[in-house]
Amino acid sequence: MTSRHGNPIFYQDGRPAIPLTNLRLGQRGHEGDHREEFLQTLVYDHPDVIPMAEIEPAYRPLVSVCTELNTSAGSVDNVWITPEGGLILGECKLIRNPQSRREVVAQALDYARAVTGWHFEDLQNAARNARKDQAFSLWNLVREQTDLQEEQFCDAIERRLRFGRIMLLIISDGIHEGVEALASYLQLHAGVHASLALLDLSIWEGVGGGYLIVPRIPLRTVLVERGIVTLEGERGRFIAPQPASSSTSMLKTATASESEFYAQLDQRLPGQADKLKGFVLSLKPFGIEPEFGKSLFLRWQSQDGSTLSAGTIEPTGSIWLLKTVTDARIAGNQEAAERYLEKVASLIHGSVKRYENGTIDVRGSDDRSIRLPTLLQFPAEWKDAIANLVRDISGK
């Protein structure tokens, strides 16, 4: 089978170019470690090889927890967490045909079902057993990388386990064609609230005995999120609905970063996520579209393709308007952005601050960043200010 990646060339100035050879794991001549275990070890030791910035930016950085995590559905190949409590399960398979592709998807979804309803201690104990280290602590993995307290971090993981809000990654060196056909298959397994992405790692034998790893994302994210959640004691359980006639009626192709962003926000500022969702929806008539990554970006785009930021909202609840002025300056109307900042500052009894490097932002009355709970006390006024900003920039 030929790779759909173009063959990379190794080049050094003054030397002949060397074409690299595609390494097909598990094929004759590539036995031994060059199997699924190779992928499993690779992504455990080097989680940065997984391009989460392109798959789901809210699930960054990946922190490796363990391999071979035991569940009632079998052993999960790889487990990662994020400093904010995101949970990612990985299945590494050499996929050679549509049948094996469907089987590995079903297996990954079974893993999600198996851990749905676990408690934090269930995950930690399973990880301790997998690592053969009873002193292992999930908190110690991330404590230097998170702004959460230990109790908040544990609760963040607990919530995701309880309701099955899990990111599933299927990692292979052979996911190529027919990815769209997964939609009709996935609807038969829609009993979890998981997000599924496929990652193809093309592996090339490099110069000097090393390897070149080229990631490709055949399927960015499918959210499998229709199901009935029932609570039995302190545990959550999903009941899968009956398959619908439409192949896409139970799926939506979307960004799981949206749900992850709101989960992080709700963890830090309970009640603010629902308020923000309603506010963001109210901006749609003005052409403001939310863009979710590690933060939420309130984007407006003109017909010529230029963009304008109405604000960047972090999951911590901080709001930044620095880019609003930069974008408006590029659009030739910085004054419109400055009027917007002045209006926002007046709402929160703050001030517009001008820095020596030329940037401008709004600070609260305590000279700190704008806080979401404060600004959301004035949703109508904030919405009007954004509407005026868009009108002034667009000239309509």
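A residue is taken as buried when its relative accessible area is under 20%. In this predicted model, Gln 272 has a relative accessible area of 9% and therefore counts as buried. Gln 272 belongs to helix α9, which covers residues 272-282. Leaving aside residues up to four places away in sequence, the contacts of Gln 272 are Leu 265, Leu 372, Pro 373 and Leu 376.

One of these partners, Leu 265, leads to helix α8, where Leu 265 is itself buried. Helix α8 is made of 13 residues, 256-268. At 1.5 Å a residue, a span of 18 Å is expected for α8, and the 19 Å between its end C-alpha atoms agrees with this. Other buried positions in α8 include Ala 256, Ser 257, Glu 260, Phe 261 and Tyr 262, along with Gln 264, Gln 267 and Arg 268. As helpful background, an α-helix has 3.6 residues a turn, so residues three or four places apart point the same way.

We may now turn to the sheet. Five strands make up an open sheet, ordered β13-β14-β15-β16-β19, with antiparallel pairing. Its edges are β13 (288-292) and β19 (370-371), each of which pairs on one side only. Between β13 and β14 (residues 296-301), the antiparallel pairing extends over five bridges. Within this pairing, Glu 289 is found opposite Arg 299 of β14.

A helix also accompanies the sheet: α10, spanning residues 322-330, lies across β14, β15 (307-313) and β16 (318-320). The direction of α10 is at about 175° to that of β15.

Methods:
Residues numbered from 1 in each chain as written. Predicted model: local features only at pLDDT ≥ 70, side-chain atom pairs only at ≥ 80, totals over all residues. Heavy atoms only, no water. Helix = DSSP H or I, 4+ residues; strand = E, 2+ residues; numbered from the N terminus. Expected span 1.5 Å × (residues − 1). Buried < 20%, exposed > 50% of the residue type's maximum accessible area, 1.4 Å probe, protein only. Contact = heavy atoms within 4.5 Å. Pairing = 2+ DSSP bridges. Axes fitted to C-alpha atoms, helices over the stretch in contact; angles between N-to-C directions.
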